[in-house]
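Me: Hi! I have a protein model open and would like to learn how to read it. Could you walk me through a few of its features?

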Amino acid sequence: MRNSVPTEHEELAYVFGEIIPPVKAIALNPSGEYLMTSHAGLIHLWGLKDYKCIYTFRSEELREDKIFITKDPNYVIGAVPTEGLIRLWNLDNREMELIIEKGPDTWIVALIITENRDKLIYTLGKIGQNARIKFWDFERRKPIKEISLDIQTPLNRIALLPGGKSFVISSPEILELWDFSSAKSECSYHRENIGIVNAIAGTNDKKFFLTGGTRLLLWEVNERNFLHEFPNENHLVTEIV
């Protein structure tokens, strides 16, 4: 244990008083009992009561930029978006169990895990390719459905609305609400002049959602035009929680 915070030249992260490699991704378990961090070559599991590392998983293959804790906490879904790669890691056996998706001719642009953490939704594509949405089931260990959209720009954001019955997708061309069970578009919103969309989040009452980017906007689920614009003093919104 070290008492002083390292300098930026040491290229290390200072997490809960421990010196570790730079953090590439973070995932919180549903009950809020522990935090998982991904680094080059390893995954740490941190207890949020005593802020100590309780588990370390090492593998030279680990390079995940995004991680999700599944319904079974012994399994983690990790993604390397620029390689079009999504993998299922078994932390109990300390090995990679399954390749869910593998490029290299496409990118994983956006991905989310459902509220009960048993299904994964992700989008694939590059400029000039048709954007695609894929649904993957953790318990069955196989894809559920793949949908190709007639747009040539990647779906850069996807957000599951509270309740888990619908989700919103965004690209430079579209902003749409989709039904999860049918995997069909329910509503297409007027996308003109809303600027870049970096973040999407739904409200707990399931009636509204927000988009953030160059503008911070409030939308009603069943109305095609935004209801309200919040002043953000020309700041770029990158995350909404």
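Reply: Happy to help; we will take confidence, a sheet, a core and two residues in turn. Keep in mind that this is a predicted model.

Me: How confident is the predictor, and where is the pLDDT below 50?

Reply: The average pLDDT of the chain is 86, and 92% of the residues reach at least 70. The stretch below 50 is residues 1–12. In the model, this stretch has 17 contacts beyond near neighbours in sequence.

Me: Thanks! Next, how do I read a sheet, and in which order do the four strands of the open sheet come?

Reply: Here is the general idea: strands of a sheet pair through backbone hydrogen bonds, in a parallel or antiparallel way. In this structure, the open sheet runs β11-β12-β13-β14, and its pairing is antiparallel. β11 and β14 (142–148) are the edge strands, each pairing on one side only. From one strand to the next, the twist averages 15°. For a closer look, take β12 (residues 119–124), which pairs with β13 over six bridges. There you can find L120, whose bridge partner in β13 is W136.

Me: What about the inside? Which residues have the most contacts in the largest nonpolar core?

Reply: That core has 18 residues, and those with the most contacts inside it are I121, I133, F135, L149, L155, F167 and I169. Two or more residues each come from β11 (108–113), β13 (132–137), β15 (157–160) and β16 (166–170). A second, separate core has 15 residues, including F68, Y122, L124 and W136. To explore the largest core, try I169: beyond its neighbours within four places in sequence, its contacts include I133, L149 and L155.

Me: Is V168 buried or exposed?

Reply: The idea is to look at relative accessibility, where under 20% means buried. V168 has 0%, so it counts as buried. V168 sits in strand β16, and its contacts outside the four nearest places in sequence include R157, I158, I200 and F209.

Me: And where is T114, and which side chains make polar contacts with its side chain?

Reply: T114 lies in the loop between β11 and β12. Its relative accessible area is 7%, so T114 is buried too. The T114 side chain makes a polar contact of 3.1 Å with the side chain of N116, and another of 3.2 Å with that of D118. Leaving out residues up to four places away in sequence, T114 touches K119, L160 and F180.

Conventions:
Residues numbered from 1 in each chain as written. Predicted model: local features only at pLDDT ≥ 70, side-chain atom pairs only at ≥ 80, totals over all residues. Heavy atoms only, no water. Core = buried A, V, L, I, M, F, W, Y, C linked by side-chain atoms within 4.5 Å. Buried < 20%, exposed > 50% of the residue type's maximum accessible area, 1.4 Å probe, protein only. Contact = heavy atoms within 4.5 Å. pLDDT = per-residue confidence, 0-100. Pairing = 2+ DSSP bridges. Axes fitted to C-alpha atoms, helices over the stretch in contact; angles between N-to-C directions. Polar contact = N/O pair within 3.5 Å; in protein donor to acceptor, adjacent residues only side chain to side chain.
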